[in-house]
Amino acid sequence: MFHVHWSEWTGQLLAGLLRTLEYTAVGFVAAAVLGLGLALMRMSRARLVRLPAAMYTELFKNIPLLVIVFVLYFGLPETKDVLGGWVVLGTFNAGALALAIFYAAYLSEIFRAALAGVHDGQREAAQALGLSRWSIFAHVVFPQALRLALPGTNTMLVDMLKSTSLLITITAGELLSVGQSISSQTFEVMEVYLVLAAIYFAMCYPLSQALLWLERRVRAGAPLSPRRYRRLRTARQLLAGIRPATGPAATAPGGAA
């Protein structure tokens with residue numbers, strides 16, 4: 001059935017797989033941080049703060065990822081004499097930065113919609129309790145917005161994992177680059193790319209299902225942090241201890257039902 005001796009290429013495939021996961025992890029973390037910052041800027045009352053974030057979002061939402069990759073990897077070295085050597089990026093830095101820049105534009109829209117989806121009454125109640133602006137955001141607004149942003153954010157994560165395949169254009173050493181090398185040496189194009197498709201499916205499908213399970217858990221009220229989990233457990237223990245004292249047996253004469 002298989003004409004390629006895959007045991008000979010296992011090491012290279014594993015290296016390409018790990019490289020793909022590295023691009024995804026670094027790119028997603030950077031995109032999430034940048035996207036959250038852009039979302040907060042978009043919600044600012046100051047026009048000078050909102051405008052740059054809006055321009056960034058609209059610009060990179062309408063430019064293909066491949067163009068950003070080419071500009072960072074092939075274009076920046078041409079500006080070396082003008083801007084200095086610091087703009088010359090290595091393969092990994094260029095690939096991860098391109099993913100972060102591109103997906104930050106989409107994540108900023110997801111985060112902005114989630115933050116706007118938190119009811120104003122939540123903020124007003126927190127202000128009435130005397131909480132600071134930072135405390136209101138960290139303990140009231142952000143946890144609720146995170147729940148609202150999970151579906152879109154999870155979709156972007158899976159999409160980024162697949163989009164790492166575009167980095168083959170700069171020979172980034174990710175999975176598809178390894179597959180191209182194997183096909184060029186074995187001349188078994190169909191078999192190689194079908195196996196690569198199966199590997200991508202084996203990564204993306206379990207990841208998407210795990211993220212869907214997480215969404216359902218969060219929607220059902222599961223805590224998102226260990227600290228909140230401990231608080232919720234303590235509250236349940238307190239309620240369990242209070243309930244027998246407030247039941248019918250406690251109010252009946254002599255303690256009898």
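A residue is called buried when its relative accessible area is under 20%, exposed when over 50%, and partly exposed in between, with a 1.4 Å probe and protein chains only. The model is predicted, so local features need pLDDT of at least 70 and side-chain atom pairs count only at pLDDT 80 or more, while totals for chains, interfaces and linings use all residues. Residues are numbered from 1 along each chain as its sequence is written, and side-chain values use heavy atoms, with hydrogens and water left out.

Helix 8 covers residues 175-186; helices are DSSP runs of H or I with at least four residues, numbered from the N terminus. Its 12 residues reach 16 Å from the first C-alpha to the last, close to the expected 16 Å, a span defined as 1.5 Å times one less than the number of residues. At the start of helix 8, the backbone nitrogen of L176 has a side-chain oxygen of E174 within 2.9 Å. After the helix comes F187, with a positive phi near 60 degrees.

Which residues of helix 8 are buried? They are L175, L176, S177, V178, G179, I182 and S183. These buried residues pack against helix 1 and helix 9 (189-219), where contact means heavy atoms within 4.5 Å. As a general point, an α-helix has 3.6 residues a turn, so residues three or four places apart point the same way.

Helix 1 spans residues 10-42 and holds L40; T24 is also found in helix 1. T24 is buried, with a relative accessible area of 8%, whereas L40 is partly exposed at 38%. Leaving aside residues up to four places away in sequence, T24 touches L157, M160, L161 and T164. On the same basis, L40 touches L115 and F137. The C-alpha atoms of L40 and R50 lie 8.7 Å apart, with the two residues 10 residues apart along the chain.

F137 leads on to the largest pocket, which holds about 610 Å³ of space. The residues closest to its centre, of the 14 that line it, are M43, R45, R123, R133 and F137. Helix 5 (91-116), helix 6 (120-128) and helix 7 (133-163) each give two or more residues to the lining. Helix 7 gives the most, with five.

A pocket here is an open set of points on a 1 Å grid over the protein atoms alone, where a 1.4 Å probe fits, with protein on both sides within 12 Å along at least five of seven lines; lining residues have an atom within 4 Å of a point.

Key:
Grid points are joined across faces, edges and corners, and a volume is the space filled by probe spheres set on the points. A polar contact is a pair of N or O atoms within 3.5 Å; within protein, one must be able to donate a hydrogen and the other to accept it, and residues adjacent in sequence count only if both atoms are side-chain atoms.
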